[in-house]
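Dear colleague,

Please find the structure below, handed over for your own work. A short account of the findings comes after it.

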Amino acid sequence: MDVNKNLKILIVDDFATMRKVIRNLLKQGGFENVAEAEDGAAAFKLLKSQPVDFVISDWNMPNMSGLELLKAVRADEELKELPFLMVTAEALKDNVVAAVKAGVSNYIVKPFTAEVLNEKIEKIVKNLAA
Amino acid sequence: MDYAELRREIDEMASSFLFLEKKEIDIPTAGQFLNQIETVTGHAETLHAGEISRLAGGLGQLLEKVVLEAVDAAVGFGLFERGIVLLQAVADGYCNAGRYDGSVDGFMGELASCMGTPLETEPNGAQTAAPAAEASPVTEAAGKDRVQDESLLKDFITEGLEYIGEIEMNILNLEQEPDNKDYINAIFRPFHSVKGVASFLNLDGIRTLAHDLETLLDKARNEALAVTPELIDLILDGSDTLKAMIGQLRDDQEGREATELIDTSDIVRRIKLAEQGADLPKQPKKLGTILVEEGVINEDELQEALERSQIPPPRKLGQTLISEGIASPKDVSRALRKQAQQVTDSNTIRVDIKKLDDLIDMVGELVITQSMIRQSAALQSLGDRKIVRDIAQLESITSELQRSSTVLRMIPIKQTFQRMSRLVRDLSKNSGKLVNVLTVGEDTEIDRNMVDEIYNPLVHMIRNAVDHGMEMPEDRIKAGKPEKGTIKLKAFHRGGNIVIEISDDGRGLSREKIRQKAIKNGLIGPTDALTDQEVNRLILLPGFSTAEKITDVSGRGVGMDVVKSAVEKLRGKMDIQSAEGKGTTFVTGFPLTMAIIDGMIVKVGSERYILPTVAIRQLIRPDRAAYNCIVGEAETINVMGRLLPLVRLHKLFDIEPANRNPWEATLVVMEGEKRSKCLLVDEILGKEEVVIKNLGESLKRIKGVSGGAILGDGNVGLILDPEGLFEMAEAN
């Protein structure tokens, strides 16, 4: 089964260049239906106002961190099933475990390639379908 | 909570494991298990079911390893399965007999060997394992995305520099509140973001440095390191280096000649030392400072050479100096050696500022006492040559002591400049203008107590320069200037003062418009011939800017008189240079310290007072005809065609004067904030530099008096505040 390339993906990162980097990598994987938010708070607002199929979020952000966003999403009745991929700088044990416990779908370590990103997305979506 | 309930929790975990669709623990599932295990471990501990908590804890660590890909997923799956079965058996034992007869040691051993580390210790391997595995495809991808990288790189440069600006700002906040975690976080985050993007763009140098700084901050955040001024300096130096590296990327991008690679080894070494909590070595003195100290070049030559070194292609200061013949290669290389020596010795201690203030105070007293001895008539009548010589010797020692003690409180103006640069960035962002900030002479020193005082007037000037001086990008292009304007902040020492120049390359002052405005407001007559300089100074006059906003006068002048009076309150001077269409420079000079004042000593009756010299316009003895007194009105004096109110100092302080008639006494024309008045005194005794003493809490609020000083003859004199005197006179 192929992953639907029309997935609406939300990129959450406070660094605009980083969002562009991820957007480019997604494009290489064929994902072009992308939205952006600059922190957790903005992302949550967007998620509540329009349908999104997949979230890729940075960890370290002002206002609302990636972990806080994840917790808010999982605690929300409408959003709790939303696939959520966390981007971290290093595979720091404490960070990753905290995200996993909070129900993250998967995590990805910077820097990553389009292939790895693609793989992670497909894995999450397929697991969800199964 | 009892064993049965614990058993139920474990069974629940076992059944969710049983219902796994694939023979694989994916991340969300691992998350669920980790939470369940946490609950089980906690409950097992309260029930003192040692085996259960050990076993569950071990399984938790196993899952973490699986998640971090430090343990093969299939192996982990198998172990986890057996672990759950064992867990159920142990729980059974506790449920039925209150204890477990078997042993979990065998399984725990297996867990430990699978994870490659003894249990209970923090596994570290995972931290590097994951990125390393992905290292090779990254380089391939980079080659493929070359074109895309160009535009990303551009974004990174702009955004990265912005972020570093943010860092600078927050470091200054942190310096004021070293315990505020929010500030540390606010610095940590930009470093982190810069690092993240740099890793994608294969900018290894930037990534490594940002990473090191981030680690350092992380330690500070977790209180493993104290936030000391040395640490703050180090972070500032680190962000400076990052800024330079990003700046270099920009130069490369814009096709400018590639400059020497920036050497990060020194800063990285300092960061590493700091991480280990070692004392931070002081930053070595700059080459230029050494050369100035050695007397090879003077401050002005240094500043000019520094500026020229900045002009592309940038050169090192030493190269500029040698090639222009300002310094000989020998001098430069000797200074370089001296600089290298400093790196090894870091003989500094930190002293409470209060102690320094006290010391400087006492030295001030010493100077005065010494001068009292020198002037003592009894001593002079002795006619002993040796004593005269010894006293002269004592005098030179005390004045040297005074000089070196005031230097103790000096700090570089660097941080003030950084705050100002940040302000420019914010202002230009808000107004849609493009502005570069260039700073020169950041190492120029100023009394620590002056730093905060001068900030506000400088801010006003910066605002003025950005809001009104700078044109919008499109207007700049029309005027044939680069789209991006430049504001230059420059500091240097000149004759016991620190001079700060704020220059912009904006539209400049319009001579004609200022003239017309001044004529309209009655400041000058329509036929007055003024030099450009005089015209420019008009905008500093009170009454130039009236209620009406005068943005039409190149936008300048709004409240500039307020800035001027703030500068003068600090006993500073201010001037403006401007060329229409080319830009404007505000020049401000401040005394290096507020501890000493240049004063004029005047006598009224038997009392002596000190008037600050900066406020004195002129000294006159008027003709009788110049004096006017209308009954019921104030007395006035005609001073070169202007009628100025007469203020009788003896009346204000209720003393019996020697002269009551202005034409027999002496008049001091003094400038207040918005007006001038003539002060009537008996005579002028002389001019002296005095050390200001405050009069203590109880006498703090006395109007017209700003402090006291011990005069050279040992008597105490009050330092008068012109503005306060004027107010007293107006109240009568």
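The notes that follow cover confidence, the make-up of chain B and one of its sheets.

This is a predicted model, in which local features need pLDDT of at least 70, side-chain atom pairs count only at pLDDT 80 or more, and totals for chains, interfaces and linings use all residues. Residues are numbered from 1 along each chain as its sequence is written, while chains are lettered from A and ligands numbered from 1 in the order in which they are written.

Chain A has an average pLDDT (the predictor's confidence in each residue, from 0 to 100) of 88, and 96% of its residues score at least 70.

Chain B contains 27 helices and 18 strands; these are DSSP runs numbered from the N terminus, helices being H or I with at least four residues and strands E with at least two. Of its 732 residues, 33% are buried, that is, 20 or more other C-beta atoms, placed from the backbone, lie within 10 Å of the residue's own.

An open sheet of 5 strands in chain B runs in the order β2-β4-β5-β7-β6, with mixed pairing; strands pair if DSSP finds at least two bridges between them. Because β2 (435–440) and β6 (573–579) of chain B are at the edges with a single partner strand each, one side of each has no neighbour in the sheet. Strands β5 (residues 497–504) and β7 (residues 583–591) of chain B pair in the antiparallel sense over 8 bridges, with B:N497 opposite B:P591.

Yours sincerely

Notes. A residue is buried if 20 or more other C-beta atoms lie within 10 Å of its own, exposed if 12 or fewer, and partly exposed in between; C-beta atoms are placed from the backbone.
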